[in-house]
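Dear colleague,

Please find below the structure that I am handing over to you. The findings follow directly after it, grouped by topic for ease of reading.

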Amino acid sequence: MKSKKLLFLLMSVSAALTVSAQTGYPRGILFETFTGQECASCSVGTQSLKDLYSEYEDNERFVWLSHHAGYYSDSLTIKPSFDISSFCGVSAAPSLVYNRTLLALTGRKGRLINSCNDFAEYNEKYEEYYGETFIDNELATLADVSLNIKTTYDKDTRDLEVTVFGEKNGNFDASAPALSIFLVSDYWVGWQTKGSEGQDFAYKHMNPVRIMLSDHYLGDMLEFDENGEYSVTINCKVPTSVNSFDAWTNRIGSVPTEVDDETLYVAAFIANRDETPVDNINYDRDNIVVYNAARCSLGESTRLSVRDCGVTEGDNVRVYADNGNVCVDGDFESFQVYSLAGSALEPTALDKGIYLVKVNLGNGTVTKKLVVR
């Protein structure tokens, strides 16, 4: 593979620029896989995502939900998963939807629904070209709305209180923001069809959604106060078992499965909720993006600290955008803005997108990734 060299042309500046900027928030990313116990290829097809997830499973901003829908209903199917699979247009398994956002994978046309293998390949190719994986880049991109989770759990009574709270900045532009909250198991062990290999009764199903705490399958509408803050609290009793949703008559019936609170965690995300029909499909694929996501074990809290865009450990330079203009704070001599393709650009009136900013510190340089919204 030929390497591509970026030629950086430095632009001199007389002083550091200081312009007030919107606060950015640590961002979580959401993976939704659609699978089934009777899917002969699912155990193999999701292995690539399992391998990726193993590198981030301790990161509370990597949220993986597994919906047992889109193929046949089974022991772990719940009604919201069935509705979400229909909404996303899933008709086969294993399938993957990332942040409910269109992705152009492996040179193909942008799609909402992808395969796990395609995503793993895309992540690898992204690293070859940009020097970091797609996942790392997404985790480093700041959000315009924060998401924190606080849980209180009584193991004896199984009483659970979940509070999701945060704030938005002035760039947050969701027309219909909605909050989805799920109870998810780290894993559930049960049988899985493996085609010619038969059935393995010890298969570990990763991150199956067990209960949806939100009322609407696309999340409940989120309201912000005059300070741009929100807080939602839900009280419930964690059941000892859940009946599966039988979407296919006489297929499995309603099968109760145990809910192990030792493996249970809360997953929450904020997404735009748009059910407007477009081109014979039941949603606008460009208007259902997930803005932030997080997960939290029962009885614990996750409060992600606010950080500024572009701050890198070891330097004292901050790079951010204000109305499409690149701003730099700190001690530096010059900087230059580039597109991801390596073209030098003027640092003003930039379109929405991702850019590279190379800053000359005098005793060295640092390159920062900048998101213009």
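**A buried asparagine**

N137 counts as buried, because its relative accessibility is 1%, and the cut-off for a buried residue is under 20%. Please keep in mind throughout that this is a predicted model. N137 belongs to helix α5, which covers residues 134–140. Its side chain makes a polar contact with the side chain of Y126, at 3.2 Å. When neighbours within four places in sequence are set aside, the residues in contact with N137 are Y126, E132, I354 and K369. Y126 therefore appears both in this list of contacts and as the polar partner of N137.

**Salt bridges**

Side chains of opposite charge can pair when their charged atoms come close. The structure contains seven salt bridges, and three of the pairs are described here.

The pair of E32 and R100 is joined by a salt bridge in which the closest N and O atoms are 2.8 Å apart. This pair links distant parts of the chain, as the two residues are 68 residues apart. E32 is in strand β2 (residues 29–34), whereas R100 is in the loop between β4 (95–98) and β5 (113–114). Are these two residues buried or exposed? Both E32 and R100 are buried.

K79 and D83 form a salt bridge through their side chains, with a distance of 2.9 Å from N to O. Both lie in helix α3 (residues 79–88), and because they are four residues apart there, about one helical turn separates them. K79 has a relative accessible area of 38%, so it is partly exposed.

In the salt bridge between D261 and K155, the closest N and O atoms are 3.0 Å apart. D261 is located in the loop between β15 (256–258) and β16 (264–272), and K155 in the loop between β6 (148–154) and β7 (159–167), so this pair ties together parts that are 106 residues apart in sequence. D261 counts as buried because its relative accessibility is 11%, while K155, at 44%, counts as partly exposed. Which residues are linked in a network of salt bridges? They are K155, R158, D261 and E262.

**Cavities**

Rolling a probe the size of a water molecule over the atoms shows where empty space is left. In this structure there are two cavities of 30 Å³ or more.

The largest cavity holds about 100 Å³ of space. Its lining is made up of 14 residues, of which T35, T46, S66, Y203 and M206 are the closest to its centre. At least two lining residues come from each of α1 (42–45), β3 (62–67) and β10 (199–206). Which element gives the most to this lining? Strand β10 does, with four residues. By class, the lining of the largest cavity has four nonpolar, eight polar and two charged residues.

The second largest cavity has a volume of about 40 Å³. The residues that line it are F87, R100, L218, N272, R273, D274 and I288. Three of these count as nonpolar, one as polar and three as charged. R100 thus belongs to the lining of this cavity and also forms the salt bridge with E32.

Yours sincerely

Methods: Residues are numbered from 1 along each chain as its sequence is written. This is a predicted model: local features need pLDDT of at least 70, side-chain atom pairs count only at pLDDT 80 or more; totals for chains, interfaces and linings use all residues. Side-chain values use heavy atoms; hydrogens and water are left out. Buried means under 20% relative accessible area, exposed over 50%, partly exposed in between (1.4 Å probe, protein chains only). A polar contact is a pair of N or O atoms within 3.5 Å; within protein, one must be able to donate a hydrogen and the other to accept it, and residues adjacent in sequence count only if both atoms are side-chain atoms. Contact means heavy atoms within 4.5 Å. On a 1 Å grid over the protein atoms alone, a cavity is a set of points where a 1.4 Å probe fits but cannot get out, and a pocket is an open set with protein on both sides within 12 Å along at least five of seven lines; lining residues have an atom within 4 Å of a point. Grid points are joined across faces, edges and corners, and a volume is the space filled by probe spheres set on the points. Ala, Val, Leu, Ile, Met, Phe, Trp, Tyr, Cys and Pro count as nonpolar, Asp, Glu, Lys and Arg as charged, and the others, Gly among them, as polar. A salt bridge is a side-chain nitrogen of Lys or Arg within 4 Å of a carboxyl oxygen of Asp or Glu.
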